[in-house]
Amino acid sequence: MPLTWIAHHSDGTEARQSDGVNYADLDRANLQAFDLWQDERLILRVDLRADDVSDGIEPRRLIYRRRVWADSNGNETVFYLSGWQRKVRGIKVQAVNYVFEADGSVLMGGQFTGRDFMDDIYILPHEEDLR
Amino acid sequence: MAATVSIRKLTGANAAITSTDITSGSMRVGTSDEATNASTIPVPTSGSNYSYWATTQLNCTVAPTNSLTNVKWWSDAGSFGTGITAFVGVASGYASAVGTAGSSGSVLNTSNHAGLTGAPSLMTTYTSSCKLTLAGSLGATTGSFGYRAVMQLDVDTTAGAGNSSERTITLSWDES
């Protein structure tokens, strides 16, 4: 069962993928939370509320992708990356969760390592805040 | 709705490429340029015989909302068997596999394949912890995307007759 997202903004409004909202159109600087839902079940909520940004710590910014692995035996594994990145004194720090579509299980990762499914992402035009 | 993506084997002349869906089945290489290859690679008495190179690429038939990016390729790092060495290269453009049918393909290199971005590497170089990046992306549309992975087997005199071992290739991509 595919997962869909709901974005919660700090002004109390919601943006739902199921309503046809485009991920590229989210107000990334004013996100409060980002949910992944599977059918009627909330699988994961990432807290993006403003926190301490003093002393070289920048705000957290959303990371989201649907990642697919397809092998030559016809097997396909789908998982969703949902987490955040911030810069701490100029250095990027990530906290990324990996949600497996097959059973909704969640693996909490950290930095992008390039190992297994923990590859970095290709930053999209509307994600300049991740550079 | 999520994008629909398949793995394709590309064959045929440059001006008339055949794109065959190999997502749910194995892919064979031999000494001919065929979508479903039934030809064999003769074990040489000296030097090497090569398979015709096999070109693969991703193809999207149901568009993503935004994009498909970050294409990666890797193998299970296993061996095809004694006397068989597998290579993979990255190609920004397609080039029809050539050689002497039934005998040997032309060596996969930048001289013989105009689209290669560099010299091929051992296939075993690329694993789930060290993936090969295939540049390129797709926007909110359908079609082929990502650079092509071009594979070739080098068969030397120590190889045994019969089917080689099978290996698993994996591709990944991100959707937004």
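This is a short tour of a predicted model with two chains, A and B, and of the contact between them.

Before you start, note that residues are numbered from 1 along each chain as its sequence is written, while chains are lettered from A and ligands numbered from 1 in the order in which they are written. Because the model is predicted, local features need pLDDT of at least 70 and side-chain atom pairs count only at pLDDT 80 or more, whereas totals for chains, interfaces and linings use all residues; side-chain values use heavy atoms, with hydrogens and water left out.

**Stop 1: chain B.** Select chain B and colour by secondary structure: you will find zero helices and twelve strands. Here helices (H or I, at least four residues) and strands (E, at least two) are DSSP runs, numbered from the N terminus. The C-alpha atoms fill a box of roughly 55 × 35 × 30 Å along the principal axes. For 176 residues, a compact globule would have a radius of gyration near 16 Å, and chain B agrees with 16 Å. That radius is taken over C-alpha atoms, and the globule rule is 2.2 Å times the number of residues to the power 0.38.

**Stop 2: chain A.** Now switch to chain A, which has zero helices and eight strands. Its C-alpha box is roughly 50 × 35 × 25 Å along the principal axes.

**Stop 3: the contact.** Show both chains and select residues with heavy atoms within 4.5 Å of the other chain, which is what contact means here. You should pick up 27 residues from chain B and 21 residues from chain A. The buried area, meaning accessible area (1.4 Å probe) lost on putting the two parts together and summed over both, is about 2,000 Å², with carbon and sulfur atoms giving 47%. On the chain B side, select B:Trp173, B:Asp174 and B:Glu175: these lose the most area to chain A, together 22% of what that side buries.

**Stop 4: a salt bridge.** Zoom to A:Asp119 and B:Lys131, whose closest N and O atoms are 3.1 Å apart. The two chains share three salt bridges, each a side-chain nitrogen of Lys or Arg within 4 Å of a carboxyl oxygen of Asp or Glu.

**Stop 5: paired strands.** Finally, select β5 of chain A (residues 61-71) and β12 of chain B, which pair in the antiparallel sense over six bridges; pairing requires that DSSP finds at least two bridges between the strands. Along this pairing, A:Ala70 stands opposite B:Leu171.
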